[in-house]
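Biologist: I've got a new structure to look at before I head back to the bench. Could you walk me through it, starting with whatever vocabulary I'll need?

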Amino acid sequence: MLTRDVQQQMTAAMRAGDTTRRDALRLLIAAFQNARIAAGHELSDDEATRVLQREAKQRRESIAEYERAQREDLAERERTELRLIEGFLPQPLAEEELAELARQVVAEVGASAPGDLGRVMRPLMERVAGRADGRRANEIVRGLLGGA
């Protein structure tokens, strides 16, 4: 289970005296705990992956803000946390793999026009489950359906 892996890595970081890694993992554990409380049950791996994706997105946004403010020290701390988070996320799909999955879903739902975008996106995003960016998937599906 993903949450257990994060907990084990934090324990290992504490034993190794790696305070940077320990602190970043503590933030993830707190995010998992908050999500667990909000959900009212233990998180599944899919739910934990969504928490990690949200945390990664926050780090990317923070990095951009810190770079605009010329705070390279803070941006570097965020980059370190982002690399750690990305280590727990599933490997992203290659462009070709995503396009192939999109073609399969288009065929399965019988989509043929740009107006069918919504019918394709929901099952496609369920299949890629955190391994592809929704914007990328949307662009590919639009291309397949002949939309702009």
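Modeller: Sure, one definition to begin with: Ala, Val, Leu, Ile, Met, Phe, Trp, Tyr, Cys and Pro count as nonpolar, Asp, Glu, Lys and Arg as charged, and the others, Gly among them, as polar. Keep in mind that this is a predicted model.

Biologist: Got it. How do the residues lining the second largest pocket divide by class?

Modeller: The lining is made up of Thr 3, Gln 7, Ile 29, Phe 32, Gln 33, Arg 36, Glu 42 and Leu 43. By the definition, Ile, Phe and Leu go in the nonpolar pile, Arg and Glu in the charged one, and the others are polar. That leaves three nonpolar, three polar and two charged.

Biologist: Which element gives the largest share of that second largest pocket's lining?

Modeller: The pocket holds about 150 Å³ of space. Two elements give two or more residues to its lining, helix 1 (2–16) and helix 2. The largest share, four residues, belongs to helix 2.

Biologist: And the largest pocket, what volume does it have?

Modeller: A quick word on the idea: rolling a probe the size of a water molecule over the atoms shows where empty space is left. For the largest pocket, the volume comes to about 630 Å³.

Biologist: Which residues of its lining are closest to the centre of the largest pocket?

Modeller: By class, the lining has six nonpolar, five polar and eight charged residues. Helix 3 (45–68) and helix 7 (134–145) each supply at least two of them, and the largest share, six residues, is from helix 3. Out of the 19 lining residues, the closest to the centre are Gln 53, Leu 89, Gly 130, Arg 131 and Ala 132.

Biologist: How far apart are the C-alpha atoms of Arg 131 and Ala 38?

Modeller: Ala 38 sits in helix 2 (residues 19–39). Along the chain, Ala 38 and Arg 131 are 93 residues apart. In space, their C-alpha atoms are separated by 24 Å.

Biologist: Is Ala 38 buried or exposed?

Modeller: The cut-off for exposed is over 50% relative accessible area. Ala 38 has 68% relative accessibility, so it counts as exposed.

Biologist: What about Arg 59, buried or exposed?

Modeller: Arg 59 belongs to helix 3. Leaving out residues up to four places away in sequence, Arg 59 touches Leu 27, Glu 78, Glu 81, Leu 82 and Ile 85. Buried means under 20%, and Arg 59 is at 6%, so the verdict is buried.

Biologist: On to charges. How many salt bridges does the count come to?

Modeller: The general idea is that side chains of opposite charge can pair when their charged atoms come close. The rule asks for a Lys or Arg side-chain nitrogen within 4 Å of a carboxyl oxygen of Asp or Glu. By that rule, the count is 19.

Biologist: Which residue does Arg 79 form a salt bridge with?

Modeller: The closest N and O atoms of the pair are 2.4 Å apart. It joins helix 4 (residues 72–88), home of Arg 79, to helix 3, with the two residues twelve apart. Arg 79 is buried at 19% relative accessible area, and its partner, partly exposed at 40%, is Glu 67.

Biologist: Why does the pair of Arg 127 and Glu 108 tie together separate parts?

Modeller: Their side chains meet in a salt bridge, 2.3 Å from N to O. Arg 127 is partly exposed at 35%, while Glu 108 is exposed at 53%. The two parts are 19 residues apart in sequence, because Arg 127 lies in helix 6 (residues 117–128) and Glu 108 in helix 5 (residues 95–109).

Biologist: Which residues do salt bridges with shared partners join into one network?

Modeller: Arg 59 turns up again here. The full network is Glu 55, Arg 59, Arg 77, Glu 78 and Glu 81.

Biologist: Last one: which element gives the largest share of the largest nonpolar core?

Modeller: This core has 21 residues, and those with the most contacts inside it are Leu 25, Leu 28, Phe 32, Leu 52 and Phe 88. Helix 1, helix 2, helix 3 and helix 4 each give two or more residues. The largest share, six residues, comes from helix 2.

Definitions and conventions
Residues are numbered from 1 along each chain as its sequence is written. This is a predicted model: local features need pLDDT of at least 70, side-chain atom pairs count only at pLDDT 80 or more; totals for chains, interfaces and linings use all residues. Side-chain values use heavy atoms; hydrogens and water are left out. Buried means under 20% relative accessible area, exposed over 50%, partly exposed in between (1.4 Å probe, protein chains only). On a 1 Å grid over the protein atoms alone, a cavity is a set of points where a 1.4 Å probe fits but cannot get out, and a pocket is an open set with protein on both sides within 12 Å along at least five of seven lines; lining residues have an atom within 4 Å of a point. Grid points are joined across faces, edges and corners, and a volume is the space filled by probe spheres set on the points. Contact means heavy atoms within 4.5 Å. A nonpolar core is a set of buried Ala, Val, Leu, Ile, Met, Phe, Trp, Tyr and Cys residues joined through side-chain atoms within 4.5 Å.
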